[in-house]
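Me: I would like a close look at one part of this model, beginning with a single strand and moving outwards. Please set out how the part is paired, covered and surrounded, with the cut-offs behind each term.

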Amino acid sequence: MHHFLAATARRLLASETPLRNILVILPSSRSAYHLKQIFAGGGTEGILPRILTLNRWTEEVSGMRAADRLQLKFTCYDAYVDVMQADAMSLSDFFSRANMLIDDFNDIETGGIAPEAIFKALEEYSEIEDLSFLHEPLSDKQKRYREFWQSLKHIHRNFNERCEARGEGYPGLITRKATERIDAYRAERPEIEIFAAGFNALSSAERSLLSKMSKYRYCTVLYDSDPAFTDDKVNRAGLFIRQNLASGLGAAADVDAQIGDRPMHFKACEARNKTDQADAAARILAEIPADEANDTALILADESLLIPVLNRLPANVKEANITMGISLRHSSFFDWTEKLFDLHERMLRDEDKTFVISEQLETVVAHPFADLLSGKAVPAGIADTKSAYTDLSAARAAAVACGAAWLSAVLTDWKGRADTAAEGLLLFAEKAALLLTDSEHSGPDLHMAGEGIGILTRFLRKLSKYPQKAGLDLAALRGLIADSLGGASADLIGEPAKGLQIMGLLESRALNFRHIIMCDLNEEVIPGSPLTDSFIPFEIRAYHGMPGRREKEAVFAYYFYRLLRGCEKFWAIYHADTSGPWGAERSRYISQIEHYFGEKVGNLNFEKPLPRMLEKDAPIAEKRIEKTPEVLERIRQYCERGISASGINRFFESSLEWYYEHVLHLRTPEEEGQLSHADFGTVVHEILEHLYLPHAPEEGKATAGPELTLEDLKAMRGKVHDLTEERFRASERIAQFEKGLNRLQFETARIMVANYFDKEIEKVRGGMKMRVAACEREEKRSFTTVINGAKINARFKGYIDLTAEINGRLRVIDFKTGMVKSSDLVVADFDADLFAKKPKALQLSLYAWLARKKYSGRDIDNQIISLPAPGAQNLSTGLSLDEKSESEFESVLAEIIRRMNDPELPLTADPDYPYAVFEPIVE
């Protein structure tokens with residue numbers, strides 16, 4: 001079914017040049033493998049042509065190797081320090097910007113742009129931006145900004161020189177060096193003829209390289225195109241090929257199938273949420289005959305869907321070939337490192353002893369990654385679950401005693417220092433590498449863990465050579481490690497000629513399939529965000545012809561449309577979950593097929609999606625776990641560690657998801673590159689905490705601080721902008737927030753908090769008297785109940801945003817960054833079923849109950865402040881906690897604990913709960 005590759009093979013066989021003297025350049029290793037299979041299947045005799053990818057060929061011509069991303073970042077930092085000297089920023093600050101800087105350098109080289117021209121334009125731009133032609137002196141910030149722009153040309157030259165000296169570089173530099181050496185390369189191989197096939201968006205440097213070869217009649221360029229979109233000047237799928245053909249570079253290959261030559265069924269499938277797309281794909285695969293699996297492609301536009309897809313493959317899929325890479329950010333090893341740093345950052349030291357939070361220690365010890373190293377679940381007993389804290393030395397001894405000696409390397413006191421932490425992590429990585437080699441486990445997670453351990457080891461060894469490491473703290477080291485791991489990927493390899501073909505969008509180039517299932521055909525994925533993270537302003541990028549929005553959309557359009565040729569059935573799966581930051585919208589390409597493309601291609605049958613159509617198919621087997629003694633023991637330990645309001649509400653929403661997330665501490669997927677809802681809320685709460693904390697009494701006191709005056713509130717209001725900027729810069733989730741969606745979130749946070757204090761100032765002017773009692777303080781309270789004759793000593797906990805005395809009455813206040821209505825909070829009575837329907841009401845009541853322990857004898861009101869509308873009234877449950885109502889609420893807590901621990905109530909996943917994303921971990 002590989003029509004283009006078959007046409008390429010025919011062209012090669014018809015060439016007067018012997019196959020042994022032909023070099024074929026293809027877009028991917030997968031397409032190279034399938035071309036070899038076509039030659040083998042056609043009975044071709046003699047020596048086959050040599051086949052390389054374009055990147056591999058440019059490396060051969062240039063004499064340079066492609067460096068890994070981590071090496072490039074360290075090399076770039078060396079160049080930066082060499083140029084900036086004493087004014088250089090720290091290693092951790094630079095690494096947060098390094099990817100953007102290297103990408104800009106790569107765009108300059110691949111664009112064939114003279115560095116002198118673009119860097120001169122950048123210097124002039126910075127002069128205008130800073131208004132330096134005025135008489136007022138520049139601020140320190142403006143000076144640093146201008147110095148950075150003026151130094152870019154020197155950093156770029158120094159970086160390139162270092163790369164060339166090592167013989168390792170980035171794609172743009174390698175392509176430029178190949179162009180410089182192409183004449184010598186041709187002279188060394190006068191007998192070789194080159195066929196470059198299947199390319200689309202060639203960079204200026206690549207076009208220059210191939211054009212230079214073509215002029216000598218030494219190179220033939222063949223495009224995998226189709227008149228259905230290349231002849232249509234409105235369709236961006238043919239943009240690059242039209243440009244290449246107009247410049248005289250190459251020709252379209254003759255293929256035996258075009259879009260519309262044969263009937264094709266196109267079906268749009270709507271899933272409820274992102275991960276449910278894996279279920280949709282599994283159902284479709286279950287209907288495809290096993291003998292057609294080799295001619296079926298499952299294309300994942302978002303690599304994070306790979307693991308859910310593999311977990312859901314139906315029984316009829318016996319083999320699968322996977323050559324796409326998946327970010328290590330989605331691995332259990334990455335999550336484990338995050339949990340490990342959480343543990344160390346909250347250690348307590350008392351004279352000669354060090355203590356860790358028991359709950360966090362258990363999360364590290366019982367993590368799925370720990371199972372990979374131990375070959376089985378790590379025995380309980382390392383963490384003291386009966387106490388909030390565990391002695392670190394006792395935990396280390398217990399780990400060795402139970403056969404988990406590898407933990408001893410990370411269960412040492414790092415004392416908040418990066419160099420000590422790096423030594424411990426390097427020792428751990430060396431032990432873990434050996435354990436993973438002998439692990440009884442198998443599968444993608446083990447492979448990804450091995451890749452992650454290797455990257456961590458290389459990073460730590462490189463870091464040890466930098467004297468700047470002495471100035472790093474634990475948070476900076478954490479960010480560097482997360483950046484190094486999160487920016488890497490692991491390739492999962494199978495047998496290319498057998499079974500279902502699972503690939504990313506890039507790997508589909510030059511290939512055709514009879515059946516195609518494409519997941520994540522949502523607008524935010526295909527064509528994706530048009531924004532480009534760059535130090536180079538849009539105006540300068542556009543003037544010099546650097547890739548922008550139009551080019552990015554054209555690339556995605558080509559990937560999508562060329563897959564239609566020769567395809568008999570195409571399933572386009574997208575999700576309709578609008579709970580994310582930017583909602584959910586099906587890709588524009590589905591709409592184009594329906595409203596435009598379908599009219600021009602008579603054989604294309606478009607089937608519209610039904611609302612939640614997947615629910616109309618065969619019913620999904622209910623996801624459930626019975627409460628075995630082992631499961632009940634886990635739940636009992638969870639109750640003793642501490643139950644939070646979010647845990648209770650998760651239990652009501654979907655008890656199975658509650659078990660995975662809160663009891664087993666499995667990780668939910670995260671959005672990358674920008675702040676998630678939770679991250680955004682955390683930043684806003686940190687701003688409010690920094691503003692209120694100076695007005696609160698000392699820790700442990702059950703009194704309120706001094707009355708907040710009008711001057712106090714005005715001073716707090718005046719600090720909002722700088723504090724918002726500080727917290728955004730401190731966030732590890734974003735590299736910059738000067739523009740784009742991150743800038744929008746920054747402004748939203750700043751305006752929210754500023755408007756809130758404006759309202760508070762109005763209230764004080766109107767006579768309100770307010771005193772802060774506590775700010776962002778964790779409150780805990782024990783509660784004992786009897787379930788089926790067994791005593792359970794439960795503990796409840798919660799971080800209360802603000803406890804304040806307002807006009808003489810004590811009130812717990814919870815800040816929300818989303819809109820809240822009074823109907824979300826009002827409950828008629830203290831009843832567990834009523835609270836199950838009002839999660840925010842449960843949270844407020846639990847906070848008030850927790851505060852009653854500290855402020856005994858006082859009635860406590862509750863309130864939510866919805867920051868988008870800080871003046872909204874009546875955002876309260878209407879149930880103030882006093883002595884009588886306190887016992888009534890405790891009956892609700894007892895009922896919740898009973899349901900959690902009831903062996904007759906299985907743990908089930910509510911199919912209507914939109915966040916049900918985990919897979920069962922027991923058979």
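What follows starts with the whole model, turns to strand β1 and the strands reached from it, and ends with other packed regions.

Reply: The model is predicted, so local features are given only at pLDDT of at least 70 and side-chain atom pairs only at pLDDT 80 or more, whereas totals for chains, interfaces and linings use all residues. Numbering starts from 1 along each chain as its sequence is written, and side-chain values rest on heavy atoms, with hydrogens and water left out.

The protein contains 34 helices and 25 strands; these are DSSP runs numbered from the N terminus, helices being H or I of at least four residues and strands E of at least two. Of its 923 residues, 53% are buried, where buried means under 20% relative accessible area, exposed over 50% and partly exposed in between, for a 1.4 Å probe and protein chains only. Contact means heavy atoms within 4.5 Å. Among contacts between residues at least 6 apart in sequence, 79% join residues at least 24 apart.

Strand β1 covers residues 22-26, and five of its five residues are buried. In a regular strand the side chains alternate between the two faces of the sheet. On one side of β1 lie Ile22, Val24 and Leu26, and on the other Leu23 and Ile25, so that both faces are covered. Strands pair when DSSP finds at least two bridges between them. Strand β1 pairs in the parallel sense with β2 (residues 50-53) over four bridges, and in β2 the bridge partner of leucine 26 is threonine 53. Strand β1 also pairs in the parallel sense with β5 (residues 193-197), again over four bridges; here valine 24 stands opposite phenylalanine 195.

Phenylalanine 195 leads onwards, since the residue also stands opposite threonine 220 in β6. Strands β5 and β6 run parallel and are joined by four bridges. Because five of the five residues of β6 (residues 219-223) are buried, this strand is largely enclosed by the rest of the structure. Cys219, Val221 and Tyr223 are buried on one side of β6, and Thr220 and Leu222 on the other. Strand β6 pairs in turn, in the parallel sense and over two bridges, with β7 (residues 251-252), where tyrosine 223 has alanine 252 as its bridge partner.

Part of the cover of β6 involves helix α11 (residues 239-246), in which Leu239, Phe240, Ile241, Arg242 and Asn244 are buried. These buried residues pack against β6 and also against α9 (204-215), α10 (227-230) and α23 (549-562). Just after α11, glycine 248 takes a positive phi of about 90°.

For comparison, three other strands form an open sheet with antiparallel pairing, in the order β12-β13-β14. Its edge strands, β12 (348-350) and β14 (389-391), each pair on one side only. Strand β13 (residues 353-357) is joined to β14 by three bridges, and valine 356 stands opposite threonine 390. Helix α15 (residues 358-365) lies across β13 and β14 and runs at about 75° to β13; axes are lines fitted to C-alpha atoms, for helices over the stretch in contact, and angles run from 0 to 180 degrees between N-to-C directions.

Helices also pack on one another. The axes of α4 (residues 69-84) and α5 (residues 91-110) come within 9 Å and cross at roughly 105°. These two helices are therefore roughly perpendicular, a label for 65 to 115 degrees, with under 35 counted as roughly parallel, over 145 as roughly antiparallel and the rest as oblique. Their contact includes Leu70 and Phe74 of α4 and Phe95 of α5.

Phenylalanine 459 is in contact with Leu70, Phe74 and Phe95, among other residues, when its neighbours within four places in sequence are left aside. Phe459 is also one of the residues with the most contacts inside the largest nonpolar core, which has 114 residues. Such a core is a set of buried Ala, Val, Leu, Ile, Met, Phe, Trp, Tyr and Cys residues joined through side-chain atoms within 4.5 Å. A second, separate core of 78 residues includes Phe4, Ile182, Ile194 and Leu249.
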